[in-house]
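Here's a quick walk through this one, with the pocket up front and the salt bridges after it. Have the viewer open as you read.

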Amino acid sequence: MKLESNRRVAACAAGFALPRYAELPTVGLYLDQSVQFVNGCFRTFQGVELTASMVSNYVKKGIISHPIKKKYTRDQLACLIYIVVSKNVLSMENIDSLFKMQQAHYTSAQAYDTFCDELENYLPYVFGLTKSFSELEPNVDDARKLLRSTIISAVNKIYLDCVFTDLRQEQALWPDILPDLA
């Protein structure tokens with residue numbers, strides 16, 4: 001890839017940070033507000049997107065609990081943020097299994113904040129913003145290893161989507177630029 005293309009792709013991940021559990025809305029959000037909130041967290045990444053019908057499907061399948069009075073809680077938002085990242089690399093069945101493993105070992109806040117830390121650790125490395133990632137805890141339980149593997153796969157998929165989107169945009173410009181060069 002060209003240097004300018006590398007810069008554009010890396011810019012997608014520059015400064016990326018997810019809200020931590022304590023920063024998630026404490027008041028319930030309606031479906032459309034929940035979708036908008038989650039998508040706002042990932043606005044710089046192509047393909048990392050949630051729709052209202054997806055959320056309804058996750059509720060129907062029991063992957064996330066039913067909203068209370070049509071409002072989604074902080075725990076549900078945390079789950080949706082995790083799902084929107086992992087849905088491109090894991091089946092819904094495997095996402096549900098990983099949720100259950102996480103719930104057996106961690107509180108919702110611990111599981112979500114660990115997810116955020118791991119994602120924010122790998123993202124700058126894969127996007128070429130850093131030469132290495134932070135020191136990883138070597139002795140972690142199976143739930144953490146699976147979470148880490150999911151994040152590594154998802155971040156690489158996000159990176160590839162950004163690269164190919166940039167390439168398509170660049171190629172789309174050539175027909176307009178070529179006549180000017182002649």
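Which helices each supply at least two residues of the lining of the largest pocket? They are α4, α5 (92–105) and α6 (108–126). Helices here are DSSP runs of H or I with at least four residues, numbered from the N terminus.

Before going further, some ground rules. This is a predicted model, where local features need pLDDT of at least 70 and side-chain atom pairs count only at pLDDT 80 or more, while totals for chains, interfaces and linings use all residues. Residues are numbered from 1 along each chain as its sequence is written, and side-chain values use heavy atoms, with hydrogens and water left out.

On confidence, the chain averages a pLDDT (the predictor's confidence in each residue, from 0 to 100) of 88, and 91% of the residues score at least 70. Among the elements, helix α2 (residues 31–41) has the highest mean at 97, and helix α7 (residues 142–181) the lowest at 81.

Back to the pocket. A pocket is an open set of points on a 1 Å grid over the protein atoms alone, where a 1.4 Å probe fits, with protein on both sides within 12 Å along at least five of seven lines; lining residues have an atom within 4 Å of a point. The largest one holds about 380 Å³, a volume being the space filled by probe spheres set on the points. It has 21 lining residues, and D75, C79, F99, Q103 and S108 are the closest to its centre. By type, the lining splits into 11 nonpolar, 7 polar and 3 charged.

Now the salt bridges (a side-chain nitrogen of Lys or Arg within 4 Å of a carboxyl oxygen of Asp or Glu). The whole structure has 7, including these:

| Pair | Closest N to O |
|---|---|
| R20 and D117 | 2.8 Å |
| D96 and K100 | 3.1 Å |
| R144 and E118 | 2.9 Å |

R144 lies in helix α7 and E118 in helix α6, so this pair ties together parts 26 residues apart in sequence. Both R144 and E118 are buried (under 20% relative accessible area; exposed is over 50%, partly exposed in between, with a 1.4 Å probe and protein chains only). Shared partners also join R20, D117 and E120 into one network of salt bridges. D117 is partly exposed at 42%.

The D96 and K100 pair sits within helix α5, 4 residues apart, about one turn of the helix. D96 is buried at 18%, whereas K100 is exposed at 52%.

Terms used
Ala, Val, Leu, Ile, Met, Phe, Trp, Tyr, Cys and Pro count as nonpolar, Asp, Glu, Lys and Arg as charged, and the others, Gly among them, as polar.
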